[in-house]
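Colleague: I am new to this structure and would be grateful for a close look at its aromatic rings. Please add whatever else helps to place them in context.

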Amino acid sequence: LIRNNKIFSEIDVNTKNFESQFIDNCNIESLYLNHSTKNESFIFYYARIFLAENNMAWSSPIWIIKED
């Protein structure tokens with residue numbers, strides 16, 4: 001699981017189906033990134049998956065946006 005382009009959590013999975021929940025216990029205010037052109041801050045998460053035979057997959061990002 002990637003948060004703001006850095007690895008947040010890693011899990012080894014050896015099955016075709018996987019389900020999990022993640023809780024981010026960090027101080028949310030310290031995680032916000034500043035938008036370069038808008039008056040807002042944001043945090044984003046996405047899953048990055050490494051598959052067999054050097055294949056990869058990514059999920060769509062989940063955005064948390066705070067208007068400044």
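Modeller: The account below begins with the aromatic rings and then turns to a ring with a charge, a pocket and a buried polar residue. Please note that the model is predicted.

A pair of aromatic rings is described by the distance of the centres and the angle of the planes. Across the whole structure, a search finds five aromatic pairs. One of them joins Phe 44 and Tyr 46, whose ring centres lie 6.4 Å apart with 5 degrees between the planes. Because planes under 30 degrees apart count as stacked, this pair of Phe 44 and Tyr 46 is described as stacked. Phe 44 and Tyr 46 are both buried. They also belong to a cluster, in which ring pairs link them with Phe 42 and Trp 63.

Another ring, that of Tyr 32, has a charged partner: Lys 66 lies over its face, 4.6 Å from the ring centre.

The largest pocket holds about 630 Å³ of space. Its lining comprises 20 residues, and those nearest the centre are Ile 11, Val 13, Arg 48, Ile 49 and Phe 50. Strand 5, residues 48–50, supplies the largest share of this lining, with three residues. By class, 12 of the lining residues are nonpolar, four are polar and four are charged.

Finally, Asn 4 sits in the loop between strand 1 (2–3) and strand 2 (6–7). Asn 4 counts as buried because its relative accessibility is 13%, and the limit for buried is under 20%. A polar atom of the Asn 4 side chain lies 2.8 Å from the backbone oxygen of Leu 31.

Note on methods: Residues are numbered from 1 along each chain as its sequence is written. This is a predicted model: local features need pLDDT of at least 70, side-chain atom pairs count only at pLDDT 80 or more; totals for chains, interfaces and linings use all residues. Side-chain values use heavy atoms; hydrogens and water are left out. Rings of Phe, Tyr and Trp (its six-membered ring) pair if their centres lie within 6.5 Å; planes under 30 degrees apart count as stacked, over 60 as edge-to-face and the rest as tilted. Buried means under 20% relative accessible area, exposed over 50%, partly exposed in between (1.4 Å probe, protein chains only). A charge sits over a ring if NZ of Lys or CZ of Arg is within 6 Å of the ring centre and within 35 degrees of the ring normal. On a 1 Å grid over the protein atoms alone, a cavity is a set of points where a 1.4 Å probe fits but cannot get out, and a pocket is an open set with protein on both sides within 12 Å along at least five of seven lines; lining residues have an atom within 4 Å of a point. Grid points are joined across faces, edges and corners, and a volume is the space filled by probe spheres set on the points. Helices (H or I, at least four residues) and strands (E, at least two) are DSSP runs, numbered from the N terminus. Ala, Val, Leu, Ile, Met, Phe, Trp, Tyr, Cys and Pro count as nonpolar, Asp, Glu, Lys and Arg as charged, and the others, Gly among them, as polar. A polar contact is a pair of N or O atoms within 3.5 Å; within protein, one must be able to donate a hydrogen and the other to accept it, and residues adjacent in sequence count only if both atoms are side-chain atoms.
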